[in-house]
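Thanks for sharing this one. Here are a few friendly notes to read alongside the model.

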Amino acid sequence: LALALARAGRLSEGREALARALRLNPSSKRSRGLAKLLATLPSGAIGAAPAQRWLRLRAPGRAAAHFRRLLAQSPEQRALWSGLFLARGAAGDLVGLRRSVARARQRFGDEAGLMQAAQRGQKQLLAAYRRVGRSPPSAP
């Protein structure tokens, strides 16, 4: 149950379910191992899995919407910002990509990792325009 809740993006509920399981059976190696794993994860890490699936399924608009929901809960998670950049780029959303990069810069400054992710998002954006046979916009 704890792992299912965590995978659904409900990490705090998953941790609570795991705590109950450990109280019932404190000698469970599996529960103790899972507790260690869940303790190391930031709240948005597991919840990003559905967004990553949407990206693999070539549904970047849905992925971007999922990343935005996760960022509303955990705006400090840099990996979620990186995912949003990639999703917006893959969706061909120039305005959204620019807005997201600007918001991330306000929060974190020009951190190298985030700016590299923004560049990957820009490459995704250019590829999306080329796929539909349109001229790419000016660089974000």
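The points below cover some helices and one residue pair.

1. Please keep in mind that this is a predicted model, where local features need pLDDT of at least 70, side-chain atom pairs count only at pLDDT 80 or more, and totals for chains, interfaces and linings use all residues. Residues are numbered from 1 along each chain as its sequence is written, and side-chain values use heavy atoms, leaving out hydrogens and water.

2. Helix α5 covers residues 60-73; helices here are DSSP runs of H or I, at least four residues, numbered from the N terminus. At 1.5 Å a residue, its 14 residues should span 20 Å (1.5 Å times one less than the number of residues), and the end C-alpha atoms of α5 agree, being 20 Å apart.

3. Buried residues (under 20% relative accessible area, 1.4 Å probe, protein chains only) in α5 are Pro 60, Ala 63, Ala 64, His 66, Phe 67, Leu 70 and Leu 71. They line one face of the helix, because their directions from the axis to the C-beta atoms fall within an arc of 165 degrees. On the face turned away from that side, α5 carries Arg 62, Ala 72 and Gln 73, which are exposed (over 50%).

4. Helices α6 (residues 78-90) and α7 (residues 94-108) have axes, fitted to C-alpha atoms over the stretch in contact, that come within 9 Å and cross at roughly 160 degrees. The two are therefore roughly antiparallel (over 145 degrees between N-to-C directions).

5. Arg 130 lies in helix α8 (residues 112-131) and is exposed, at 54% relative accessible area. Arg 130 and Gly 92 are 38 residues apart in sequence, with 9.9 Å between their C-alpha atoms.

Terms used. Axes are lines fitted to C-alpha atoms, for helices over the stretch in contact, and angles run from 0 to 180 degrees between N-to-C directions. Angles under 35 degrees count as roughly parallel, over 145 as roughly antiparallel, 65 to 115 as roughly perpendicular and the rest as oblique.
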